[in-house]
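Colleague: I'm new to this one and would like a close look at a single part, the surroundings of the bound ligands. Could you walk me through that, and then show me what else is worth seeing along the way?

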Amino acid sequence: MKTQTAMNKDWFATARTLSEALPYLQRYTGAIVVIKFGGHAMGDAAEMASFARDVVLMRQVGVNPVIVHGGGPMINDLLTRLGITSSFVRGKRVTDAATMEVVEMVLSGLVNKRIVQAINDEGGRAVGLSGKDARLITCTPDDPELGFVGRPDDVDPTVLQHLFAGGIIPVIAPLGAGADGQSYNINGDTAAGAIAAALKADRLLLLTDVAGVKDSSGEVITQLSPDEVQELTAQGIIAGGMIPKTETALAAIDGGVRAVVILDGRAPNACLLELFTEHGAGSLIRATAPRTPAHDAGA
Ligand SMILES: Nc1ncnc2c1ncn2[C@@H]1O[C@H](COP(=O)(O)OP(=O)(O)O)[C@@H](O)[C@H]1O
Ligand SMILES: CC(=O)N[C@@H](CCC(=O)OP(=O)(O)O)C(=O)O
């Protein structure tokens with residue numbers, strides 16, 4: 001049972017949090033925030049609902065969120081059930097014709113519609129599409145060794161601008177078409193970075209299953225410059241699955257994205273904490289400027 005005094009304390013704290021968010025809400029009105037929602041970050045139904053609620057809140061306060069999702073673990077599940085073996089080279093799935101069919105079914109079907117439904121359930125209006133729709137992403141083959149893995153060559157974000165104007169939240173599966181109409185599988189981080197660069201997004205949030213980029217003692221680094229990312233990679237401190245993320249971050253910054261944040265998508269309200277509080281979350285990568293006191297003031 002809660003006493004009147006305890007309840008009052010809760011409400012005062014909530015009101016103060018809302019009040020303190022004002023400069024951040026003002027800062028992000030009209031901003032474009034691209035969110036890469038990785039398969040490992042998706043979690044269970046409650047975690048998916050919590051993510052969807054944060055996205056709907058962003059839209060409600062005037063941000064234009066764009067979700068680019070992954071789904072590697074879900075692709076693995078269906079491939080296993082179908083008896084198709086799969087391998088990765090430098091973090092990318094070797095994709096033959098049969099694998100491509102499964103990748104498209106899982107990403108454009110199961111995963112995309114699950115996210116769309118979760119956002120709509122929270123009162124938002126989401127539209128699911130892939131990089132093949134409205135020529136959003138045109139690809140060339142990444143590397144002959146990888147089969148039908150695409151490298152985004154041309155990104156036409158016109159369809160996204162139409163969706164923003166209608167107050168609709170785009171949810172994008174990382175697929176693309178070649179000039180010849182062939183379907184390509186694109187790494188989710190790569191697709192998110194290319195879309196963020198084409199939109200000159202204010203933020204690219206890469207949601208993963210760790211709290212951020214860690215240093216040699218396992219501490220999360222709250223802010224890094226591109227040079228520091230390169231140093232940590234050369235020292236082998238940034239390794240494995242973190243390499244495609246930091247490479248994406250550097251390419252996105254080069255392409256005109258103002259800043260990239262790598263953060264834990266399973267942490268409650270991770271996106272809200274990053275955008276609308278002084279605290280921030282995860283590791284912020286950008287060319288210059290401090291993270292505090294207002295971690296992105298004027299950026
Ligand atoms: N310096 C580092 N800081 C944080 N994580 C790192 C670092 N180097 C390697 N990693 C690994 O990168 C992983 C994130 O990449 P990945 O599993 O591919 O993510 P996702 O599935 O979300 O795309 C972490 O779980 C961690 O094991
Ligand atoms: C070329 C390539 O590797 N494509 C990825 C696409 C999905 C993805 O990126 O999913 P996560 O973000 O959950 O890892 C794949 O086939 O798994």
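Modeller: Sure, let's start with the shell around ligand 1, whose residues split into seven nonpolar, seven polar and two charged. Keep in mind as we go that this is a predicted model. There are 16 residues around ligand 1, and the ones that come nearest are Gly38, Thr208, Lys214, Gly241 and Met242.

Now for the other ligand. Ligand 2 also has 16 residues around it, with Gly39, Gly70, Gly72, Arg93 and Gly188 coming nearest. Sorted by class, that shell holds nine polar residues, five nonpolar and two charged. Two elements, α4 (72-81) and β4 (92-93), each give the shell around ligand 2 at least two residues.

One of the nearest residues to ligand 2, Gly188, takes us on to a helix, because Gly188 is among the buried residues of α7, with a residue counting as buried when 20 or more other C-beta atoms lie within 10 Å of its own. Helix α7 covers residues 188-199, so to speak a run of 12 residues, and spans 17 Å from its first C-alpha to its last, close to the 16 Å expected at 1.5 Å a residue. As for its setting, 12 of the 12 residues of α7 are buried, so the helix is largely enclosed by the rest of the structure. Its buried residues include Asp189, Thr190, Ile195 and Leu199, along with several alanines such as Ala191 and Ala192. Just past the end of α7, lysine 200 adopts a positive phi of about 50°.

Stepping away from the ligands, have a look at a pair of helices. The axes of α3 (residues 45-60) and α5 (residues 97-121) come within 8 Å and cross at roughly 60°, and the crossing is right-handed. On the α3 side, Met48, Ala49, Ala52, Val55 and Val56 do the touching, and they meet Ala118, Ile119 and Asp121 in α5. Sorted by class, the residues of that contact are seven nonpolar, one charged and no polar.

Last stop, for contrast with the buried helix: glycine 218, in the loop between β11 (203-208) and β12 (223-224). This glycine has 6 other C-beta atoms within 10 Å, so it is exposed, the cut-off for that being 12 or fewer. Glycine 218 and arginine 135 are 83 residues apart along the chain, and their C-alpha atoms are separated by 42 Å.

Terms used. Residues numbered from 1 in each chain as written. Chains lettered and ligands numbered in written order. Predicted model: local features only at pLDDT ≥ 70, side-chain atom pairs only at ≥ 80, totals over all residues. Near = placed C-beta within 6 Å. Nonpolar A, V, L, I, M, F, W, Y, C, P; charged D, E, K, R; others polar. Helix = DSSP H or I, 4+ residues; strand = E, 2+ residues; numbered from the N terminus. Expected span 1.5 Å × (residues − 1). Axes fitted to C-alpha atoms, helices over the stretch in contact; angles between N-to-C directions. Left-handed = near helix turned anticlockwise from the far one by under 90°. Contact = placed C-beta atoms within 7 Å.
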